[in-house]
Amino acid sequence: MLKSSFQPLVGSNIIKRCLNTSARLYEQSKPSISKSDKATDKTSTNNSINANDGTNSKVTKHLDFLKKYYTPELLQSIQISESLIDPKDVLELKKRGFRANSKVAPTDKLSDYSRIDPISQEPILYPNQGVGRTPYPKIPDIQGPDRTDLKLRFKDENTLKRKEASATSTRKIADELAKLTGLDAAYIRGLYVRPIIMKRVSLKTSKGNIPNFFVLTVVGDRNGTIGLGIGKSRDGIRTAAVKAHWNAVKNLTPIPRYEDRTILGDFEYKYHAVKLFMRSAPAGFGLRVNRNIFEICQAAGIKDLRGKVYKSRNPLLVCQGFVEALTKQRSIEDLAASRGKKIVDLRKVYYSH
Amino acid sequence: MSLVHLANLCAHLKNCTNVNIASTSVPFTRLHLQVAVGLYKEGFISSLQKGSTEGPDLKAVDVTPDNISTRRLWLGLKYRNNQPVIRDISLISKPGRKVNLTNEEVKALASGLAVRFIKPLQPAECIFIKSKEEVFEIQEAAKRNLEGLALYRVK
């Protein structure tokens, strides 16, 4: 019966080829037609195109229904493809739900299905892909079943612009600083950053006030390295903050700590009009200090400190003075060496071996 | 024993270290000698020599009533990495206020606690106590269970 319908159709090479192979397969599967009477699946018109068979009334009904919407050629191609599928597989697939993937083992052991055979397969040509032409958005390669509820998003100029703008603040800064300082980019990205002072200063001119933004940022790895950086900009506070971050990373310096938690001994340091009286504290004491000094200690990894700031408490000077004092600390080994004495850590000696 | 003379000594040493002078002379008195010996033992000064106003004596010279007025003590000052070893030297007992410490207080100070108005010992700092006409470093005084007059501190 079907043989009569296997006629070369108008135009299409693909369908011709399909028909050639399918005809062969149909011939092979002919004996199984009689066995497939029990096909209960509506969609499967497998081997049941026999109009004479009264038991496949459902199938014929469905076929008539489809005939209304599909061209005869299309119907044929559907039938051919469905003839190759075992109804059991379809049922199993349906049972596994909508996410199930059908597993079809390759029949040809010699062929590598990754390559496109130029004879049997036509190359896929998307229109408008020539050089210099406006490209179409990438056709998504979805392996799952058709999900029309999904929304496809394509990268357009606006999203690209937004992404680039945000990249300047973290990733780009880190990469460029890594080149400049020689530090690891990942290390720079993982630094603790804290803008301590963010204020708006004005430049007074004959024509009026010109606002300028000033940001002081402290940067540290919370483990004995800190950097203070000042950033100024007329554009806005964000630009100033970015500049400050940059300068702070450039100024990273190591600072000594006692037991990785507090300063070495006490110090009294005078920086301009700022008088710092800092005392080391026992473990668990916490940071009971000026708010600006607190931020610097957080960045540096100093966990216990007590101290007072006398006379001027100007935030900028306090920060600068404190950082300077920290760097000017002298270790006990250094002091012992200058006095010509040997220093022994009793804890190490006692608990060794 | 005069705290005024000791104050002068401390001030003079500070002044010298500020301008990186190699060696200085101080009046030759018993207290000065004890203090200088203490500093030398602790490594704050490099050398200690008897001498005259001209300079340190190359040969030993006896002190006689004739030359007593010209006798001086010469101290060699220490510097490392363009910084003086004696960063700070100051009195604890002032001429107007003497600080006599009990043996408990001496031990407390030696262990790093603050005693009365005396700030706690810092790393690489020394405090000298005068006990029975002899000057001891605070750690030694604590070990020997001494009490006395807190003279000065050096760091």
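This briefing describes the two largest pockets of a predicted model. Local features need pLDDT of at least 70, side-chain atom pairs count only at pLDDT 80 or more, and totals for chains, interfaces and linings use all residues. Residues are numbered from 1 along each chain as its sequence is written, chains are lettered from A in the order in which they are written, and side-chain values use heavy atoms, with hydrogens and water left out.

**Terms**
- On a 1 Å grid over the protein atoms alone, a pocket is an open set of points where a 1.4 Å probe fits, with protein on both sides within 12 Å along at least five of seven lines; lining residues have an atom within 4 Å of a point.
- Grid points are joined across faces, edges and corners, and a volume is the space filled by probe spheres set on them.
- Helices (H or I, at least four residues) and strands (E, at least two) are DSSP runs, numbered from the N terminus.

**Largest pocket**
- Its volume is about 1700 Å³.
- Among its 44 lining residues, Tyr258(A), Ile332(A), Gln122(B), Pro123(B) and Ala124(B) lie nearest the centre.
- In chain A, strand S6 (274-280), helix H11 (332-339) and helix H12 (346-351) each supply at least two lining residues, and H11(A) gives the most, with five.

**Second largest pocket**
- This pocket holds about 1000 Å³ of space.
- It is lined by 30 residues, and Asp266(A), Phe267(A), Glu268(A), Arg87(B) and Lys155(B) are the closest to its centre.
- Strand S5 (267-271) and H11 of chain A, with strand S5 (83-84) and strand S6 (89-91) of chain B, each supply at least two lining residues.
- The most, three residues, come from S5(A).
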